[in-house]
Every structure is written in structure tokens, then in C-alpha cells.
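Biologist: I'd love a close look at a single part of this model, namely how its pieces pack against one another. Could you walk me through it residue by residue?

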Amino acid sequence: MTKHQIEVITSVERRRRWSREEKERLVAATFEPGASVSEIARSAGIHVSQLFRWRKELCQISAPSVQLLPVEIVGALPAPPAPAEPPPTPQLKSASVHRAPQNEHGDDRAWRRPSAAGRE
């Protein structure tokens, strides 16, 4: 038989108030190796999402303040100089040239795709 600890709330308040020390203790327990956040939340009698919210709040690192600096806008920069000669274009050389076979009329009509109008 397992005994469970029960907290009886006798005040009119419906929500339990957690001190910062209690929150820090529970959040620190979640960072222990092998710790289960669900089990820690269950043992404390809170929902797991509440524990994750406390982790987010307590572990938040404040971002450094942003400092704006004045900027001076000057005229447009000069265009870069054009190259003296364009770079050479690579030439592809082929040992053999493939041509489409021609029909008896001397053209390549046999290899053309039939038009949509010719289909029925």
C-alpha cells in the first residue's frame, strides 16, 4: 500500500503561492542527470507546464542592451572599373558530330514530334 502526501488548503484562496526558493529548488531538480520533469511536477502537485514555465522564467538570461549609433549617409560609391577584356569563353570540342537521320526527302521530318492537329 502506497501512502500519498495530501495538502489540505483551508484558506479562501484557490491558488497555492510558491516562494522563489521553492520554485528554484524544483527547477534545480529538473536539471539533475536522469531527472524526469513529469515526476518532479507530480511529486510537487503541480502541472508539468507550470514547472516548464518556472524554468523559463528563472533561467532567462537578460539580453545585453542595444545601443544605436548615428549613421552618416554619403553619396553613391563609384562604379567598379570595367575589366579590360572579357574572360575567355570555354570552347567545347567534340570528336564526332551526331546528326538526326534524314528520311528519303532529305530532311529530319521523321524525328519531329507530330502536331496536336494531326492526332484524332
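At roughly what angle do the axes of H1 and H3 cross, and within what distance do they come?

Modeller: Happy to! The axes of H1 and H3 cross at roughly 100° and come within 10 Å. Here an axis is a line fitted to C-alpha atoms over the stretch in contact, with angles from 0 to 180 degrees between N-to-C directions. H1 and H3 are therefore roughly perpendicular to each other (65 to 115 degrees; under 35 is roughly parallel, over 145 roughly antiparallel, the rest oblique). On the H1 side, the contact (heavy atoms within 4.5 Å) is made by Arg20, Lys23, Glu24, Leu26, Val27 and Thr30. H3 contributes Leu51, Trp54, Arg55 and Leu58.

A word on the ground rules. This is a predicted model, so local features need pLDDT of at least 70 and side-chain atom pairs count only at pLDDT 80 or more, while totals for chains, interfaces and linings use all residues. Residues are numbered from 1 along each chain as its sequence is written, and side-chain values use heavy atoms, leaving out hydrogens and water.

Now the setting. The protein has three helices and zero strands, and from the N terminus on its elements run α-α-α. Helices are DSSP runs of H or I with at least four residues, strands runs of E with at least two, numbered from the N terminus. Of the 120 residues in the protein, 11% are buried (under 20% relative accessible area with a 1.4 Å probe, protein chains only; over 50% is exposed, in between partly exposed). Among contacts with a separation of 6 or more, 38% join residues 24 or more positions apart.

Back to the H1–H3 contact, starting with Trp54. Trp54 is found in helix H3, and at 4% relative accessibility it counts as buried. Leaving aside its neighbours within four places in sequence, Trp54 is in contact with Trp18, Lys23, Leu26, Val27 and Ile46. Lys23, Leu26 and Val27 are among the residues with which H1 makes its contact with H3. Val27 and Trp54 are 27 residues apart in sequence, yet their C-alpha atoms are 7.0 Å apart in space.

Thr30 is another good place to pause. Thr30 lies in helix H1, which covers residues 20–30, and with 7% relative accessibility Thr30 counts as buried. Not counting residues up to four places away in sequence, Thr30 touches Ala35, Val37, Ile40, Leu51 and Arg55. Thr30 and Arg55 are 25 residues apart in sequence and 8.6 Å apart from C-alpha to C-alpha.

Some of those partners lead us to helix H2. Helix H2 (residues 37–44) packs with helix H3 (residues 48–58) at an angle of about 105°, and their axes are 8 Å apart. H2 and H3 are therefore roughly perpendicular to each other. From H2, Val37, Ser38, Ile40 and Ala41 make the contact; from H3, Val48, Leu51, Phe52 and Arg55 do so. Leu51 and Arg55 of H3 thus appear in both lists, the one for H2 and the one for H1.

Ile40 is worth a look, too. Ile40 lies in helix H2 and is buried, with a relative accessible area of 13%. Setting aside residues up to four places away in sequence, Ile40 touches Leu26, Ala29, Thr30, Ala35 and Leu51. Ala29 and Ile40 are eleven residues apart in sequence, with 7.5 Å between their C-alpha atoms in space.

To trace the picture on your screen, begin at Trp54 and follow its contacts to Lys23, Leu26 and Val27. Then move to Thr30, which touches Leu51 and Arg55 as well as Val37 and Ile40. From Ile40 you can come back to Leu26, Ala29 and Thr30, and also reach Leu51.
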